[in-house]
Amino acid sequence: MFDGYTSSELMSIFAMQGFAGLSLFSVFVLMALGLTIIFGQMGVINMAHGEFMILGAYTTYLTSGFFQSYLPGLFGGYFFIAMILAFLVCAALGALVEWLMIRHLYHRPLDTLLATWGLSLLMQQTYRSIFGAREVGVDLPEWMLGAFNVTDLVQLPINGLFVMIIALSIAVGLYLLMYRSGYGRKVRAVVQNRPMAEAVGINSAGIDRATFALGCGIAGVAGAAFTMIGSTGPSSGQAYIVDTFLVVVFGGAQSLIGTIVSAFGISQAQSTMEFFLSGSMAKVITLLVVVGILMLRPEGLMALKVRR
Amino acid sequence: MTTYKQSMKGGATGRWGLGKFKLLAASMVLAASANAATPPTAEVNTTGLAVTDDIVTVGILHSITGTMAISEIGSVQAEKLAIKQINESGGVLGRQIDFVQEDGASDWPTFAEKSRKLLRQDNVAAIFGAWTSASRKAVLPVMEQYNGMLYYPTFYEGLEQSPNVVYTGQEATQQILASLNWAAEEKGAKSFYLLGSDYIWPRTSNKIARKHIEDMLGLKVSGEEYYPLGHTQFNSVINKIKLRKPDVIFASVVGGSNVAFYKQMKAAGIDFTKEDPLLLTISVTEDEIRGIGGENVDGIYASMKYFQSLDNPNNKEFVAEFKKAYGDDMVIGDVTQAAYLGPWLWKAAVEKAGSFDIDKIREEFAGIEFKKAPEGYVRIHENHHLWSKTRIGQAQPDGQYKVVHETEELMEPDPFPEGYQ
């Protein structure tokens, strides 16, 4: 499989493939973090996660349009504002959805699955009615296009690096929030033992709403980031949802670290195999390995060990 | 239906009586003069289609919801525009066209069900519709069972020829062979990298392309690769392309993947305007560029039969009418134009046959021309596909293509190409 490549080319292959794997890893992390805290905390499988991401993407699209028309001088920096807006819009909608729908369906995982799937169809058709069925193009500021030329063969895309930085910042921020703050302590208490947490005076309904909103908000930021590398259309969210669930389930549904480890494993395996096999075969083999490991470890890679 | 209308007319005459005699006489004169141009319904419709003395009903069957809506809405718009224009110019055999529109909802069983409804319940005289190969395959048995006639607009993989379908888009060889010849002759390409989404159309197209490159041109295929539909990470294949250094990337990636693919190519520092490698696609029309962004595809080449920028009087008129009907920001892709041909070809066939009957129309298809086609001129081949030219366009930053090459002759449609299977 290494035939026909010189040793310097091989070095470049590994460098570039490593980078490709890392950027896939950051995409996976961005997608999965929002889902994993919702799933882990509340046992809710949010099938509309992809649509929340696309809401973030559309928010970015609108922000970019606004900056182009009214503040062209500040266009270079619009992306940061777009990300904050995407977070706020998606978190607000998430809180509303939790209040209207999800909170009535706790402890009925199959019903939330159906309800959020219905929600995802609703959201898709809403986007279609508002923005039209065609994909929209999100314009990026000049500095985000192009690549660093490290050597002739090794080039690092700037937007890939940018996505990586966003993913890392969010992962670190989320870690601090969950393990170094009062809110996080309450969340963990509710996850481990809901009745007991309520007994000591934690407002579990409020925690649930905040967590759902947080998860949706992170999805929104992910959506904003993905306008750089993917498409923004009414059904684009569907392209991500399968991989997202794969990462979350494989990592162990309640574990942040597990999600990150699983995202890393799957992305590296995938991009390495994509290089030596065809894209479809790489996907098949990745899925087979994941299925095999889940048969041995049904709880995922890093299950939270608590007494039930 | 016809008998119901006739009895209504009889009753009306009775009630008017002698007092309205003059009016009646005048209307009889009018009716007689109309009859001279409009053959009686009983003559032109012997199989119970929805044809009356002044209306003929056709069906439009595309996805206007679901994931395919993005692509199919342009076709719906084009078909409605054609129908409106035909009506304004006097209709078909003196009858105005009315249409029933159904939504295939991006779901193949729904397409089959709706086509059955259109044929059995609405008795439509023709169906303009289906877009993906999967939806066409779902509709096909229904069309054949109830002897309907489908006008199918999309360029597709070939290997099909039904007596109940007219294919107004290109089959694979019409799109591929001329463009590969062009790349080899004009651009001096020696090696090709074939890349597509993983389903029947790209795979069949690349099979034909590989045969042509290796056996007919004697050149090299340096890679062939498929990614699942909806795939959004192309870094690995971009790395592979950088290492193998093909002269041409021959791309048939579709849908949202397209957007990801071109954005990531651009981000990886590949400038298509340098043509190193040159990118030749058979799947990116002006419609897709709207989603990808013109700056991301600047310089790529596409092989189609129609570009919005084609410089001929027919097309100028068509583009103006289309924008008048649907807004100035509309773009028109290859398939939209092919969909526009459907109603016009149907009209021509009906008028040549002097009948709406499917069986009579079918006998007349071979040789039917449409001289006002925006792409210039088309003619129906006896295999129900169209003779049309292949054109190569280069994408401009504004999202339009500049035509750089055009075959001199019309390409013969060859849905079962010998030596390519």
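In this predicted model, helix α3 (residues 78–100) of chain A packs against helix α8 (residues 204–226) of chain A, the two axes lying 7 Å apart at an angle of about 145 degrees. The crossing of α3(A) and α8(A) is right-handed. On the α3(A) side, the residues that meet α8(A) include F79(A), M83(A), F87(A), C90(A), G94(A), V97(A) and W99(A). On the α8(A) side, the partners include D208(A), R209(A), F212(A), L214(A), G217(A), I218(A) and V221(A). By class, this contact of α3(A) with α8(A) comprises 17 nonpolar, three polar and three charged residues.

From this pair of helices within chain A, the account turns to the interface between the chains. Here 41 residues of chain B are in contact with 41 residues of chain A. Together the two chains bury about 3,300 Å², and 51% of that area is on carbon and sulfur atoms. Several elements of chain B each contribute at least two residues to the side that touches chain A: α4 (69–88), β7 (220–227), α9 (235–244), α10 (256–267) and α11 (286–292). Sorted by class, that side of chain B holds 13 nonpolar, 17 polar and eleven charged residues.

What kinds of polar link are found across the interface? The rule finds 13 residue pairs in polar contact between chain B and chain A, both residues of each pair being at pLDDT 80 or more. For salt bridges, the rule finds zero across the interface of chain B and chain A.

Over all chains, however, the count of salt bridges comes to 25. Side chains of opposite charge can pair when their charged atoms come close. One salt bridge is formed by K117(B) and E102(B), whose closest N and O atoms are 2.6 Å apart. This pair links distant parts of the chain, since K117(B) belongs to helix α5 (residues 108–120) of chain B and E102(B) to strand β2 (residues 96–103) of chain B, with their positions 15 residues apart in the numbering.

The loop between β2 and α5 of chain B contains S106(B). Although S106(B) is not a glycine, its phi is positive, at about 60 degrees. A further backbone feature of chain B concerns P277(B), found in the loop between α10 and β9 (278–281). The peptide bond that joins D276(B) and P277(B) is cis, with an omega of about 0 degrees.

Note on methods: Residues numbered from 1 in each chain as written. Chains lettered and ligands numbered in written order. Predicted model: local features only at pLDDT ≥ 70, side-chain atom pairs only at ≥ 80, totals over all residues. Heavy atoms only, no water. Contact = heavy atoms within 4.5 Å. Buried area = accessible area lost by both parts, 1.4 Å probe. Salt bridge = Lys/Arg side-chain N within 4 Å of Asp/Glu carboxyl O. Polar contact = N/O pair within 3.5 Å; in protein donor to acceptor, adjacent residues only side chain to side chain. Helix = DSSP H or I, 4+ residues; strand = E, 2+ residues; numbered from the N terminus. Nonpolar A, V, L, I, M, F, W, Y, C, P; charged D, E, K, R; others polar. Axes fitted to C-alpha atoms, helices over the stretch in contact; angles between N-to-C directions. Left-handed = near helix turned anticlockwise from the far one by under 90°.
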